[in-house]
Structure formats: structure tokens, C-alpha cells
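Please look through the structure below with two topics in mind, the contacts made by aromatic rings and the enclosed spaces inside the protein.

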Amino acid sequence: MTIRPLLPAALLLLLVASATASQAQTGPERRRRHYDGQARPYYRGPFRFTLGGGVGYYNGDLTSSLGDQFLGPSLSAGLLYQLHPHWQVGGEVSYLKLGAKDYLPERGLAFEGKNGLGIAFVRWEPFHDEGAYATPHASAAIIKPYLKVGGGFALYSPKSFRGTTRPSGNFSPAYLAPERNDYPALALVLPVGVGFTVRLTSQFSASLEGSYSLTTTDQLDDISTFKPTGADQGRSASALKDNYGQLELKLEYAPWAR
């Protein structure tokens, strides 16, 4: 699967990080102070690099049951930036492999798909953290829950087949003709998530995050109401969109944190 549409996002992350590195040479004492609603000063930043890994979950025409899933890896890398003591913005690129078998035995369909994701998001931390202020009155919070919402795109490339098990060295299915001839195809996504961050040191944190993404496509699984050339009908009677979830453990690193 080509990943060319993901390259601009990755390049942007690197350029922003390089710019921040040069700015960091001035030291925190020269950074501009901002003030919250109680006139308490805080600094924006620093940037945090994130690296995560976990599993992906499919919810679409074939199934919504965990028992029908061919669970695949979810890998991500991104950047976070502190705008306000309660608000962060970020961007992320991910690789996600999805798969599942049909919950209807009489249809006997299944699929596996590789997906490249690129999103921008905002993250809100509802609880107070003294460590976010320029003049803290107490120690920084150790555990911080958060909510996340964003938008972006998915570059998806599925393969559907008839069967009830995941393709492997012992099972190579006869794949069905693709519903469209332009895979990998592009769809918009709207992720929402919840998680919590554990502060390990001033530079390192770890987060556990679960997210669910709505999409604009019904072909994340190559199974929809679309009628391929020569077919009498589509593979599914449902016109509902396909969605997916991700559960990841992430490491956050702020090289310029003080």
C-alpha cells in the first residue's frame, strides 16, 4: 500500500520539531508568559513527541462483536503542544491493520485491510495541574485524564474473501474481486477518545488511550451496497458507514522540558 499521502504530514512534524529546537536555545527565562482566567502565568509548550502501539477494532457491515475480530496492530507517532494548562493540540500519523469475519454464517464473508491514518486533534485535561504553571504552588500532577477530538483522513486498502479464519501460512483464501479499482482509497475520519497520562519524569510520560473513529466510507472492509461490474447486487444490504477503534499505550517525550 502506498503511503505517499502520509509523507507531507510526517515532514510537517519534523519541520515544526526543528523550529522548536532552535527556539529552545534561548532558555525558558526568555519565553513569553501567558495568563489564565485567574491571572496566573504559564508558558506554552514544550513540544512532546509521542510513540504508541496497541490494537485496532473494526465495526461495520460484517460485525461489531469482539469475538469476530481479526485483531491487528495499531502503531502511531506524533507531536503534542501545550497551548494552555488545560488544552493541548497535536497531530499524529498511524498504521492500522483491521480484519473480521461475518457474524452471519450464511454469508461467510471476511476481510483484512491495511490503513494509513493522519489526524489533527485537540486534547482537554479537565483537572488542575500545578506543573503547567510558570510559578507552581505545589508539585506537578502524577496522573492526568483527558478527552480528545479531531479530524483527518484514512487511506484504506481492504481485501475481502470467503472464510471464517484469518489468512496465514496455512490458509490462503481466494480473494473476491475488489468493489472498486482505485484502492488504496481516501476517506475522512472523525476520532474521539479518552485516556490518562502518567508523569514519569519531567521529560517522559506514558499514556493509555482508547479512541473511536467515524468515517465517511462503507468500504473499509470492501463489503458494501456497491455493485461491482457484472454483479447482480452488492455484498451487503446495509448502507451504514464503517468505523474503527484503537487502544494504544503511548510514550511521550519532551526533550526541551525544564
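The paragraphs that follow take up the aromatic rings and then the cavities.

The model is predicted, and a search of the whole structure finds seven aromatic pairs in it. One of these pairs is formed by F161 and Y175, whose ring centres lie 5.7 Å apart with the planes at 90°; since planes over 60 degrees apart count as edge-to-face, this pair is edge-to-face. The two partners come from distant parts of the chain, 14 residues apart, with F161 in strand β7 (residues 143-162) and Y175 in the loop between β7 and β8 (185-199). Their surroundings can be described by accessibility: F161 has a relative accessibility of 0% and therefore counts as buried, the limit being under 20%, whereas Y175, with a relative accessible area of 39%, is partly exposed.

Y175 also takes part in a contact with a charged residue, for K159 lies over the face of its ring, at 5.3 Å from the ring centre. A contact of this kind is found at Y146 as well, where the charged end of R123 sits over the ring, 3.9 Å from its centre.

Turning to the enclosed space, the count comes to two cavities of 30 Å³ or more. The largest cavity holds about 120 Å³ of space, and of the 14 residues that line it, the closest to its centre are E92, S94, I119, S211 and Q246. Two or more lining residues are given by each of β5 (87-101), β6 (109-124), β9 (204-215) and β10 (243-253), and the largest share, four residues, comes from β10. By class, the lining of this largest cavity divides into four nonpolar, five polar and five charged residues.

The second largest cavity has a volume of about 60 Å³. Among the residues that line it are T50, G78, L79, L80, G91 and F121, together with charged residues including E92, R123, K148 and E209. R123, whose charged end sits over the ring of Y146, is thus named again in this lining, and E92, one of the residues closest to the centre of the largest cavity, lines the second largest cavity too. The elements that give two or more residues to this second lining are β4 (72-84), β5, β6 and β10, with β4 giving the most, three residues. The classes here are three nonpolar, three polar and six charged residues.

Note on methods
Residues are numbered from 1 along each chain as its sequence is written. This is a predicted model: local features need pLDDT of at least 70, side-chain atom pairs count only at pLDDT 80 or more; totals for chains, interfaces and linings use all residues. Side-chain values use heavy atoms; hydrogens and water are left out. Rings of Phe, Tyr and Trp (its six-membered ring) pair if their centres lie within 6.5 Å; planes under 30 degrees apart count as stacked, over 60 as edge-to-face and the rest as tilted. Buried means under 20% relative accessible area, exposed over 50%, partly exposed in between (1.4 Å probe, protein chains only). A charge sits over a ring if NZ of Lys or CZ of Arg is within 6 Å of the ring centre and within 35 degrees of the ring normal. On a 1 Å grid over the protein atoms alone, a cavity is a set of points where a 1.4 Å probe fits but cannot get out, and a pocket is an open set with protein on both sides within 12 Å along at least five of seven lines; lining residues have an atom within 4 Å of a point. Grid points are joined across faces, edges and corners, and a volume is the space filled by probe spheres set on the points.
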